[in-house]
Amino acid sequence: VGGMKSLTSVGDFIKRVMEVTSKHYPDRARYIYILNVGWTFNAMWSMVSKVIDPVTRDKIHICRGNAVAAELLSAIDSDSLPAEYGGTCPVAFGDSDEEHALYGHVQRLNGQI
């Protein structure tokens, strides 16, 4: 039962990401990278990917292990990619001034600040 719940959660996550992406960022995303996912995601992806628009599906890159850095560096300059993902940027993912400002803006919009 726990495994099925995980599959449902992964499926719901994929569905929600696709809804948000297509609603708010139609044709804005050049690539979508999904990194180091487990077997539950793979199982759901094999089903969900068949019903995603081919143009959108072609933008999605699922990367694992040693392939993550090479895949990301093929589209992102090394100095813009955090070191934890194979780049040379000293600022950790999610810790840039711009990301903090965006987070604060969203919090204000949601009335949480």
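Student: Which elements make up the secondary structure of the chain, and in what pattern do they follow one another along the sequence?

Tutor: In this predicted model, the secondary structure of the chain consists of 5 helices and 2 strands. Along the sequence, these elements follow the pattern α-β-α-α-β-α-α.

Student: What share of the residues counts as buried?

Tutor: A residue is called buried when its relative accessible area is under 20%. By that reading, 24% of the 113 residues of the chain are buried.

Student: Which residues make up the largest nonpolar core?

Tutor: A nonpolar core is a set of buried nonpolar residues joined through side-chain atoms. Here the largest one has 10 residues: V10, I14, M18, I32, F41, M44, W45, V48, I52 and I60. At least two residues of this core come from helix 1 (2-24), and at least two come from helix 2 (39-48). Helix 2 gives the most, with 4 residues.

Student: How should I read A43 in helix 2: is A43 buried or partly exposed?

Tutor: Compare its accessibility with the cut-off for burial, which is 20%. A43 has a relative accessibility of 27%, so A43 counts as partly exposed. One can also relate A43 to a residue elsewhere in the sequence. A43 and V10 are 33 residues apart along the chain, and their C-alpha atoms are separated by 9.3 Å.

Student: Where does S9 lie, and how far apart in space are S9 and T40?

Tutor: S9 belongs to helix 1. From C-alpha to C-alpha, S9 and T40 are 9.4 Å apart, with their positions 31 residues apart in sequence. S9 is partly exposed because its relative accessibility is 40%, a value that falls between the limits of 20% and 50%.

Student: What is the phi value of N36, and where is N36 found?

Tutor: The general idea is that most residues other than glycine have a negative phi. In this chain, N36 has a positive phi, near 50°, and is not glycine. N36 is located in the loop that runs between strand 1 (32-35) and helix 2.

Student: Which residues gather in the patch of negative charge on the surface?

Tutor: In reading such a patch, Asp and Glu are counted as negative. The patch on this surface brings together D95, D97, E98 and E99. Of these residues, E99 may serve as an example: E99 is part of helix 5 (residues 97-109). A patch residue must have over 30% relative accessible area. E99 has 31%, and is therefore described as partly exposed.

Note on methods. Residues numbered from 1 in each chain as written. Predicted model: local features only at pLDDT ≥ 70, side-chain atom pairs only at ≥ 80, totals over all residues. Heavy atoms only, no water. Patch = residues over 30% accessible without salt bridge, like charges linked within 9 Å, V, L, I, M, F, W, Y side chains within 5 Å. Areas by Shrake-Rupley, 256 points an atom, 1.4 Å probe, with all protein chains shown as cover. Salt bridge = Lys/Arg side-chain N within 4 Å of Asp/Glu carboxyl O. Charge placed at Lys NZ, Arg CZ, Asp CG, Glu CD. Buried < 20%, exposed > 50% of the residue type's maximum accessible area, 1.4 Å probe, protein only. Core = buried A, V, L, I, M, F, W, Y, C linked by side-chain atoms within 4.5 Å.
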